[in-house]
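Student: I have a model open and would like to test the words people use for it. Could we go through them together?
Tutor: Gladly; let's bring it up and begin.
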Amino acid sequence: MTTTRGTTALTWNLLDRRPADIPIPTAETGHVTPEWAHGGTDGSGVRVCVVDSGVEAGHPMVGEVAGSYAVVGRDGDLAVHEVPPTDTCGHGTACAGIVRQVAPGCELHSVRILGENGGGTGDALLTGLRWAIEQRFDVINLSLSTSRPQFNQILRELADDAYFGRSVIVASAHNARIESFPWRFSSVISVGSHAEDDSGLVLYNPSPPVEFFARGQAVRVAGLNGSTTRNTGNSFAAPHVTGLAALILGKHPDLTTFELKTILYLTAANVRGA
């Protein structure tokens with residue numbers, strides 16, 4: 001991808017540079033510090049939904065799954081039904097384990113839209129995401145996207161519904177430099193990965209559309225059947241920010257998506273000058 005904004009290339013990840021390479025002029029943050037934003041909270045009272053391949057309940061890195069659902073049926077006749085808390089390929093469990101690591105007190109829910117090989121359809125994505133937004137989950141983790149343009153307009157409308165309904169969508173950028181959605185929409189919180197070995201390090205990206213970077217390289221994650229593994233990709237950066245959003249909402253439950261995104265910006269390590 002060679003698209004540029006001014007003279008700065010759009011940035012999908014931060015794997016070829018260090019945090020010091022993207023300094024931001026220190027903002028007048030006033031009282032908005034990490035301690036003010038989420039100090040002393042564990043995400044209790046915040047409902048997080050992982051829209052993915054399902055989540056394995058009882059995994060040591062995941063714990064309890066409050067609700068487990070799946071998109072079932074044939075294209076054109078899809079619906080969301082309650083199902084046992086299992087995972088078809090491990091991707092959703094990996095993401096849920098990261099969310100639980102960051103925000104151990106949050107209430108985790110799962111909507112399965114992916115199949116055994118991690119594949120899925122745009123219609124399943126729309127159905128599952130629409131249902132999650134209708135349930136008004138506080139934070140929705142979407143570590144996946146679609147590059148098919150026929151779904152763009154409906155996804156944009158759903159993302160706007162979530163934005164104005166105070167359901168925060170945290171979406172991972174595509175790992176390759178290709179256009180995909182919904183992470184490209186300004187109404188969601190888009191996340192790429194950095195290469196630092198620090199699960200708490202969140203950086204603001206001055207060259208959008210990716211807005212934030214979080215740890216996504218060689219991350220220890222939950223695997224199937226109670227196992228653990230190490231995975232790499234923007235998929236595993238997004239749930240770090242999802243968990244952080246849950247912490248902030250646990251302490252400040254009345255925030256709008258705009259306000260939450262602003263707090264993430266003001267508390268990013270490179271904005272604070274840390």
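**Putting the words to the test**

Tutor: To start with handedness, the crossing of helix 5 and helix 6 is right-handed. Keep in mind that this is a predicted model.

Student: What makes helix 5 and helix 6 roughly perpendicular to each other?
Tutor: The axes of helix 5 (residues 238-251) and helix 6 (residues 257-267) cross at roughly 110 degrees, and they come within 11 Å. Angles of 65 to 115 degrees count as roughly perpendicular, and the crossing angle of roughly 110 degrees belongs there, so the two helices are roughly perpendicular.

Student: How do you know which residues of helix 5 and helix 6 meet?
Tutor: The test is heavy atoms within 4.5 Å. By that test, Val241, Leu244, Ala245, Ile248 and Leu249 in helix 5 meet Leu260, Ile263 and Leu264 in helix 6. By class, this contact has 8 nonpolar, no polar and no charged residues.

Student: Now the sheet. Why are strand 5 and strand 10 said to stand at the edges?
Tutor: The open sheet has 9 strands in the order 5-4-6-3-7-8-9-11-10, with mixed pairing. Strand 5 (77-82) and strand 10 (203-204) each have a single partner strand, so one side of each is left without a neighbour in the sheet.

Student: What makes strand 10 and strand 11 count as a pair?
Tutor: At least two bridges are needed, and strand 10 and strand 11 have 2 bridges, in the antiparallel sense. One bridge to look for joins Tyr204 to its partner Phe212 in strand 11.

Student: Which pairings give the parallel sense in this mixed sheet?
Tutor: Among them are strand 7 (residues 139-142) with strand 8 (residues 168-172), over 4 bridges, and strand 9 with strand 11, also over 4 bridges. In the former, Asn141 has Val170 in strand 8 as its bridge partner; in the latter, Gly192 stands opposite Phe213 in strand 11.

Student: How do you know that helix 5 packs on the sheet, and what is its direction relative to strand 7?
Tutor: Helix 5 touches strand 3 (47-52), strand 7, strand 8, strand 9 (189-194) and strand 11 (212-215). Its direction makes about 175 degrees with that of strand 7. Angles over 145 count as roughly antiparallel, and about 175 degrees passes that mark.

Student: What is the predictor's confidence in the chain?
Tutor: The mean pLDDT is 92, and 93% of the residues reach 70 or more. Over residues 1-8, though, the pLDDT is below 50, and this stretch has 11 contacts in the model beyond near neighbours in sequence.

Methods:
Residues are numbered from 1 along each chain as its sequence is written. This is a predicted model: local features need pLDDT of at least 70, side-chain atom pairs count only at pLDDT 80 or more; totals for chains, interfaces and linings use all residues. Side-chain values use heavy atoms; hydrogens and water are left out. Axes are lines fitted to C-alpha atoms, for helices over the stretch in contact, and angles run from 0 to 180 degrees between N-to-C directions. Angles under 35 degrees count as roughly parallel, over 145 as roughly antiparallel, 65 to 115 as roughly perpendicular and the rest as oblique. A crossing is left-handed if the near helix is turned anticlockwise from the far one by less than a right angle, and right-handed if clockwise. Ala, Val, Leu, Ile, Met, Phe, Trp, Tyr, Cys and Pro count as nonpolar, Asp, Glu, Lys and Arg as charged, and the others, Gly among them, as polar. pLDDT is the predictor's confidence in each residue, from 0 to 100.
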